[in-house]
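User: I'd like a close look at one part of this protein, the open sheet and whatever packs on it. Some context on the whole chain would help too.

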Amino acid sequence: MEVEGPMIQLLRNSDNVLEAYEDGKKHKDVKLIRSFPLTMPEQFISVRSDTNEEIIMITDLSLLEGESRRVAEQELQRYYMSPTIESIISLNEIGCEWVGVVDTSSGRMNFRMNEKYESVHPLSQVSWSLSDIEGRRFIILNIHELDENSLKQWEKLNNQYFIAKI
């Protein structure tokens with residue numbers, strides 16, 4: 001179902017959990033996902049349940065009223081932010097996952113990655129993008145500006161494969 005008018009309300013409850021009210025029905029713990037094309041970031045926003053089922057498609061955020069639009073914009077900004085990694089505290093391979101603790105431009109964060117070849121990508125000869133299993137992205141602006149411990153942690157992940165990719 002697509003929203004052509006303000007038929008949905010978005011708000012945060014007292015526990016700061018995003019909720020949606022659609023045609024009088026309450027949906028708890030929803031998330032907002034941008035649909036393609038990503039070049040139109042305020043259009044085609046999928047409102048998804050806690051089981052990842054689409055509840056409704058918002059064709060354009062401008063169709064939402066005041067507070068609902070503000071909440072939607074904040075949620076999308078939070079979800080799609082790309083913090084810059086300032087230092088790598090730890091990075092370890094556990095089974096088939098990589099678990100990391102990093103200090104970022106948005107504070108200390110933990111993340112988990114699956115296959116490193118699908119999760120770590122060069123942006124330039126010194127910049128890298130990491131994607132975790134939750135879809136978050138982290139950016140290393142310049143690998144050479146990281147401290148000694150960060151470089152030691154990075155070497156656990158880095159190998160000739162990554163050097164060959166750039």
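To get my bearings, what percentage of the residues in the protein chain is buried? After that, please walk me through the sheet.

Analyst: Quick caveat up front: this is a predicted model. As for your opening question, 39% of the 166 residues in the protein chain are buried. The chain holds 4 helices and 13 strands. Its accessible surface is about 9,600 Å², and carbon and sulfur atoms account for 49% of that. If you look at contacts between residues at least 6 apart in sequence, 38% of them join residues at least 24 apart.

Now for the sheet you asked about. Three strands make it up, and it is an open sheet with the order 11-12-13 and antiparallel pairing. Strand 11 (120-122) and strand 13 (137-140) sit at the edges. Each of these two has a single partner strand, so one side of each has no neighbour in the sheet. Going from one strand to the next, the twist averages 20°.

Let's zoom in on one of the pairings. Strand 12 (residues 128-131) runs antiparallel to strand 13, and 4 bridges join the two. If you want a specific pair to find on screen, try S131, whose bridge partner in strand 13 is R137.

Then there is the helix that goes with this sheet. Helix 3 (residues 148-157) packs on the sheet and touches strand 11, strand 12 and strand 13. The direction of helix 3 makes about 65° with that of strand 12.

While you have the model open, a couple of backbone spots elsewhere in the chain are worth a look. Most residues other than glycine have a negative phi. D29 isn't a glycine, yet its phi is positive, at about 55°. You'll find D29 in the loop between strand 4 (25-27) and strand 5 (31-34). Is D29 buried, partly exposed or exposed? With a relative accessibility of 44%, D29 counts as partly exposed, because that class covers values from 20% to 50%.

F44 is the other spot: this non-glycine residue also has a positive phi, near 55°. Where D29 lies in a loop, F44 belongs to strand 6 (residues 43-48). The relative accessibility of F44 is 29%, so F44 counts as partly exposed.

Back to your sheet for a one-line recap: strands 11-12-13 pair antiparallel in an open sheet, with helix 3 packed on it.

Note on methods
Residues numbered from 1 in each chain as written. Predicted model: local features only at pLDDT ≥ 70, side-chain atom pairs only at ≥ 80, totals over all residues. Heavy atoms only, no water. Buried < 20%, exposed > 50% of the residue type's maximum accessible area, 1.4 Å probe, protein only. Contact = heavy atoms within 4.5 Å. Areas by Shrake-Rupley, 256 points an atom, 1.4 Å probe, with all protein chains shown as cover. Pairing = 2+ DSSP bridges. Axes fitted to C-alpha atoms, helices over the stretch in contact; angles between N-to-C directions.
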